[in-house]
Amino acid sequence: MENQDLSRRRFLGTSALAAAGFVMARTPIFGAPAYIKKFGKPNSLFNGVQVGAITYSWRSLPGGAEDILKYCIETNISAIELMGPTAELFAGAPEAPPRPSMTPGPDGKRPEPTEEQKAAQKEYGKKMAEWRAKVSMDKFVQLRKMYNDAGVSIYGFKPNALGTNNTDAEVDYAFRAAKALGANQANVELPNDPAQTKRLGDIAAKNKVYCGYHGHTQQTPTWWDTALGQSKYNAMNFDMGHYVAAGFDPFPLLEAKHDHIVSMHVKDRKNKQNGGANLPWGQGDTPIVAVLETMRAKKYKFPATIELEYEIPAGSDALKETAKCVEFARKALGA
């Protein structure tokens, strides 16, 4: 990974200050158009490389459709991978039951849900399956237009509808909703069962929308090969940071499989030898600058998706940190 230290330090002293220019006062909004007229449209397409964000990055903040749009404008993000609940609630989905606490106990283990919580989740799953099978795509199209009018495109959709326990109707819904939102991909963690990736790939092909498979430190150079061989609509939602933490150099993978990558999550982690910690951009071992430069030089068309997972420093917040990542990428790409 000889490229990993390329020009890294020159970004650290300037990114935080420059990012401040993107983070505007966060006042309540009641209509996206008025907000957009005041502040203008975002643009995170830098020298041919689309920098985006997965909206999971803002999980500590309210996640309504108008909230997410506001965050895009504040952080200068013009393209996103949208988490499912934002779009589904906008489209009128049943409200989910309260999530059980997942805070680890003194033994470090997460608590098991109670029988009542399990029953509530099971009932909610049934309601969602029924809703997904019947819902019109009109509200998804409306959401797409609202975002597009504001200068934000949706390239990825990540609903909780592509699992082994989801019906074929739900899986079909996921790809239809992605298309209605303007996305070319619906993303999910790569299943261990080849029968499931075959099922997803077949339904993806029917809708002509890619199924992008995401992974963590279980990613290897050949990890996606079975799924990729099953359908031309099975693809990679590659996570470069996790791949580095697993002990691999991303450059050979990018060279060999860039045609199969529909989006790439970007985070800065230490490599396996150095412990794998998730750190602010420029402080880990992930060769973010060199990879972005390669994407620009080789004209790779998949977006580089900011996924904010490092611990937010005291006095900051998820939006300020996202803006720093955007500015880091902008400077790396010479924009």
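In the predicted model, helix H7 and helix H8 meet through two sets of side chains. Asp168, Val171, Asp172, Phe175, Arg176 and Lys179 of H7 are in contact with Arg199, Leu200, Ile203, Ala204, Lys206 and Asn207 of H8. By residue type, this contact between H7 and H8 comprises five nonpolar, one polar and six charged residues. Helix H7 spans residues 168-181, and its axis lies 9 Å from that of H8, at a packing angle of about 45°. H7 is therefore oblique to H8, and the crossing of the two helices is right-handed.

Helix H7 also contains alanine 177. The relative accessibility of alanine 177 is 0%, and this residue therefore counts as buried. Apart from residues up to four places away in sequence, alanine 177 touches Met137, Phe140 and Phe157. Phenylalanine 140 is separated from alanine 177 by 37 residues in sequence, yet the C-alpha atoms of the two residues are 6.5 Å apart in space.

The end of helix H8 leads to a further local feature. Lysine 208 is located in the loop between helix H8 (194-207) and strand E6 (210-214). Although lysine 208 is not a glycine, its phi is positive, at about 55°. The relative accessible area of lysine 208 is 58%; as this value is over the 50% limit, the residue is classed as exposed.

Positive phi values were also found at two asparagine residues. Asparagine 47, which is likewise not a glycine, has a phi near 50°. This residue is placed in the loop between strand E1 (45-46) and strand E2 (49-54). With a relative accessible area of 44%, asparagine 47 is partly exposed. Asparagine 76 follows just after helix H3 and has a positive phi of about 65°. Helix H3 itself, formed by residues 65-75, is mostly covered, as nine of its 11 residues are buried. The buried residues of H3 are Ala65, Ile68, Leu69, Lys70, Tyr71, Cys72, Ile73, Glu74 and Thr75.

A second helix pair is formed by H11 and H12. Two packed helices are described by the angle between their axes and by the distance between those axes. For helix H11 (residues 250-257) and helix H12 (residues 288-298), the angle is about 20° and the axes are 11 Å apart. Since angles under 35 degrees fall into the roughly parallel class, H11 and H12 are roughly parallel to each other. Their crossing is right-handed. On the side of H11, the contact involves Pro250, Phe251, Leu254 and Glu255, which meet Ala290, Val291, Thr294 and Lys298 of H12. The residues of this contact between H11 and H12 divide into five nonpolar, one polar and two charged.

Threonine 294, a residue of helix H12, was examined further. Its relative accessible area is 19%, which lies under the 20% limit, and threonine 294 is therefore buried. When neighbours within four places in sequence are set aside, threonine 294 is in contact with Phe251, Lys299 and Tyr300.

Aromatic rings form another group of interactions, with 10 aromatic pairs in the structure. One of these pairs joins tryptophan 224 and phenylalanine 238, whose ring centres are 6.0 Å apart and whose planes stand at 75°, so the arrangement is edge-to-face. Tryptophan 224 belongs to the loop between E6 and helix H9 (225-230), whereas phenylalanine 238 belongs to strand E7 (residues 234-239); the pair therefore ties together parts that are 14 residues apart in sequence. Both tryptophan 224 and phenylalanine 238 are buried. These two residues are members of one aromatic cluster, which consists of Trp223, Trp224, Phe238, Tyr243 and Phe248.

For the protein chain as a whole, 13 helices and 11 strands were assigned. Of its 335 residues, 50% count as buried. Among contacts in the chain with a separation of 6 or more, 76% are between residues 24 or more positions apart.

Notes:
Residues numbered from 1 in each chain as written. Predicted model: local features only at pLDDT ≥ 70, side-chain atom pairs only at ≥ 80, totals over all residues. Heavy atoms only, no water. Helix = DSSP H or I, 4+ residues; strand = E, 2+ residues; numbered from the N terminus. Buried < 20%, exposed > 50% of the residue type's maximum accessible area, 1.4 Å probe, protein only. Axes fitted to C-alpha atoms, helices over the stretch in contact; angles between N-to-C directions. Parallel < 35°, antiparallel > 145°, perpendicular 65-115°, else oblique. Left-handed = near helix turned anticlockwise from the far one by under 90°. Contact = heavy atoms within 4.5 Å. Nonpolar A, V, L, I, M, F, W, Y, C, P; charged D, E, K, R; others polar. Phe/Tyr/Trp six-rings, centres within 6.5 Å; stacked < 30°, edge-to-face > 60°.
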